[in-house]
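Here are a few exercises on pockets and a bound ligand, with solutions worked through in steps. Have a go at each one before reading on.

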Amino acid sequence: NQGVAPVTYGEGERPPRGDYARARADYTCEQDWAAYTPAQHDLYRRLYERQAAQLPGLACQEFIEAVAHLGAPDRIPRFDELSERLMRATGWQVVAVPGLIPEEAFFKLLSERRFPVTEWIREPEEFDYVVEPDVFHDLFGHVPLLFNPVFADYMQAYGAGGLKASRLDACELLARLYWYTVEFGLIATPEGLRAYGAGILSSAGELRHSVTSPEPKRVGFELERIMRTRYKIDSYQTTYFVIDSFDQLFEATAPDFTPIYARVRQLPTLEAGELLPGEAIRAV
Ligand code: HBI
Ligand code: FE
């Protein structure tokens, strides 16, 4: 896999960052835990500490209860130990990858309940923001909810759906579903809106912004509406979609998407932040 083909992460082509020469055919590699320096473990500790401090009142309860499963907060976890705990909880495991991988390979791993976690950690100067997912985004953002049985089932169903989407050339539509749920999803609770999306939960500024700012539009989850809507890669989202429960999310991925893709393709694409006439938005 010398020089992996540029991966379309979101809607822009970019050469991926990482050492792909070591990756296997399925793009997984070994986590070289001994190679992490004390400074890199300390960077992870500071990233974890900053996010953990602001979870109450902003992150959903399921996430807050599960984040401890990551293990010690002061060093980058060993993926094999984490996978033992995760396997017992929901049959998932964490596998190391050199970085972004082609969508087909990504979907296949999800369908096998193997979550790809980037092995490298950002540079200190990227403390506040890193464009591509690093080990902190993938572990802190994505892994805790994989301990939640319903969400874990959704992630596998998403992967299986992704393999079908590849054959229907509908990856871009399905990537929007991933983006507006797994990465940037909000959930309604009796105490108010809370974040469950990994991109929000691993972001210093967007966690508070997504749940409390009056600026962004917050729209009730609706599969076709999401598939029509472009998203932003390198700025806070201007639209968030709100689910009422993880069951709702899992049920949404039950039907065959073929007719949905056909309907969505007949409709105009919406820009992020754009509202349909008369569309209801959720108050914060
Ligand atoms: N690769 N390692 C990795 N992690 C991701 O989150 C990822 C990816 N490749 C493609 C991708 N995400 C997105 O295009 C998904 O929407 C499919
Ligand atoms: Fe992610």
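The exercises below go through the ligand site and two pockets of this predicted model.

**Exercise 1.** Work out which residues come nearest to ligand 1, and which of its atoms have polar partners in the protein.

*Solution.* Start with the shell. There are 11 residues around ligand 1, and those that come nearest are Gly 99, Leu 100, Ile 101, Glu 103 and Phe 106.

Next, look for N and O pairs, using a cut-off of 3.5 Å. Begin with the backbone: an N or O atom of Gly 99 sits 3.0 Å from a nitrogen atom of ligand 1. Ile 101 also offers a backbone N or O atom, 2.8 Å from a nitrogen atom of the ligand. Then turn to side chains: a polar side-chain atom of Glu 103 is 2.8 Å from an oxygen atom of ligand 1.

Finally, check the cover. On its own, ligand 1 has 390 Å² of accessible area, and the protein covers 98% of that.

**Exercise 2.** Find out which elements build the shell around ligand 1, and what classes of residue it holds.

*Solution.* Go element by element. Strand 1 (7-9), helix 4 (103-111) and helix 7 (171-183) each give two or more residues to the shell. Now rank them: helix 4 gives the most, with 3 residues.

Then sort the shell by class. You should get 8 nonpolar residues, 2 polar and 1 charged.

**Exercise 3.** Describe the largest pocket by its volume, its central residues and the make-up of its lining.

*Solution.* Volume comes first: the largest pocket has about 390 Å³. Its lining counts 24 residues, and Tyr 129, Val 130, Phe 184, Gly 199 and Ser 203 are the closest to the centre. Splitting that lining by class gives 10 nonpolar, 7 polar and 7 charged residues.

**Exercise 4.** Do the second largest pocket too, and say which element supplies the largest share of its lining.

*Solution.* This pocket has a volume of about 220 Å³. Of its 15 lining residues, Glu 30, Gln 31, Phe 79, Val 94 and Ala 96 are the closest to the centre.

Now map the lining onto the elements. Helix 3 (79-90) and strand 3 (93-97) each supply at least two residues. The largest share, 4 residues, comes from strand 3.

To finish, tally the classes: the lining of the second largest pocket has 6 nonpolar, 4 polar and 5 charged residues.

Technical notes:
Residues are numbered from 1 along each chain as its sequence is written. Chains are lettered from A and ligands numbered from 1 in the order in which they are written. This is a predicted model: local features need pLDDT of at least 70, side-chain atom pairs count only at pLDDT 80 or more; totals for chains, interfaces and linings use all residues. Side-chain values use heavy atoms; hydrogens and water are left out. On a 1 Å grid over the protein atoms alone, a cavity is a set of points where a 1.4 Å probe fits but cannot get out, and a pocket is an open set with protein on both sides within 12 Å along at least five of seven lines; lining residues have an atom within 4 Å of a point. Grid points are joined across faces, edges and corners, and a volume is the space filled by probe spheres set on the points. Ala, Val, Leu, Ile, Met, Phe, Trp, Tyr, Cys and Pro count as nonpolar, Asp, Glu, Lys and Arg as charged, and the others, Gly among them, as polar. A residue is near a molecule or strand if one of its heavy atoms lies within 4 Å of it. A polar contact is a pair of N or O atoms within 3.5 Å; within protein, one must be able to donate a hydrogen and the other to accept it, and residues adjacent in sequence count only if both atoms are side-chain atoms. Accessible areas come from the Shrake-Rupley method with a 1.4 Å probe; for residues, only the protein chains shown count as cover.
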